[in-house]
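Some of the words used to describe a fold rest on cut-offs, and it helps to see each value set beside its cut-off. The questions that follow take up a few such words in turn.

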Amino acid sequence: MEKLSILNNRIKTLGEERFNKRVVLGNGNENADIVLVGEAPGAEEEKQGLPFVGMAGGILKDLTDRLELKGLYITNTVKIRPTKPSPKTGKPVNRPPNREELDFFIPFLFEEIELISPKVVVTLGNTPLRAFMQNNKAVIGDCHGRGLPFGINGKKFTLYPMYHPASVIYNRSLEAVFIKDGENLLNERING
Ligand code: URA
């Protein structure tokens with residue numbers, strides 16, 4: 001992780017100090033032409049210290065295997081696991097990232113993307129989409145499967161919104177859309 005090592009050390013040190021939780025950094029090819037950005041790590045990701053290694057990660061891997069996409073980089077908008085106590089058991093359960101977590105981690109995400117400088121950034125679900133669009137009302141249902149021109153500090157890339165793989169678990173009818181959007185991503189990579 002040559003190119004990203006200084007940034008990653010900062011994210012880890014500052015993130016753990018601020019939230020007192022394990023920071024799960026991005027993983028994969030730091031020279032990737034496609035970067036996938038999720039919402040935040042879940043329990044399995046926190047345990048293993050790697051993004052998308054739980055159930056949603058399995059669905060994502062099925063898609064990338066099917067499309068024969070290799071050499072990817074995978075990261076999250078928020079790099080700690082957002083939790084709340086379960087009303088039933090009191091044990092920590094996942095919740096969406098809050099404003100404090102988003103405001104802390106989004107500038108690091110932008111630095112990460114700038115350093116990798118990929119052709120395409122695939123946002124998975126609403127959280128990373130809203131982070132890039134800087135619009136909390138943006139919804140994935142309105143813009144999935146189409147590339148949008150985007151830039152960070154003069155570095156240009158294509159933003160490609162997709163549904164979150166976990167949404168396919170909850171809503172099986174999204175599976176075909178998720179696969180179709182994935183197939184169209186191959187064109188964006190060539191043209192992007
Ligand atoms: N969901 C995400 O958004 N990110 C992960 O790393 C795992 C599940």
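A residue counts as near a molecule if its C-beta atom, placed from the backbone, lies within 6 Å of it. The model discussed here is predicted.

Q: Which residues surrounding the ligand are the closest?
A: The ligand is surrounded by 13 residues, and the closest are Gly38, Glu39, Glu45, Pro51 and Ala56. By class, this shell around the ligand holds six nonpolar, five polar and two charged residues.

Q: Why is H1 called roughly antiparallel to H4?
A: The axes of helix H1 (residues 5-19) and helix H4 (residues 99-116) cross at roughly 170 degrees and come within 11 Å of each other. Angles over 145 degrees count as roughly antiparallel, and therefore H1 is roughly antiparallel to H4. The contact is made by Leu7, Ile11 and Arg18 from H1, together with Phe104, Phe108, Glu111, Glu112 and Leu115 from H4; by class, five of these residues are nonpolar, none is polar and three are charged.

Q: What makes E2 and E6 a pair of strands?
A: Two strands pair if DSSP finds at least two bridges between them, and four bridges join strand E2 (residues 34-38) to strand E6 (residues 120-124), so the requirement is met, with the two strands running parallel. Leu36, for example, has Val122 in E6 as its bridge partner.

Q: What makes E1 and E7 edge strands?
A: In the open sheet of six strands, the order is E1-E3-E2-E6-E8-E7, with mixed pairing. Strand E1 (27-28) and strand E7 (148-152) each pair on one side only, and they are the edge strands.

Methods: Residues numbered from 1 in each chain as written. Predicted model: local features only at pLDDT ≥ 70, side-chain atom pairs only at ≥ 80, totals over all residues. Axes fitted to C-alpha atoms, helices over the stretch in contact; angles between N-to-C directions. Parallel < 35°, antiparallel > 145°, perpendicular 65-115°, else oblique. Contact = placed C-beta atoms within 7 Å. Nonpolar A, V, L, I, M, F, W, Y, C, P; charged D, E, K, R; others polar.
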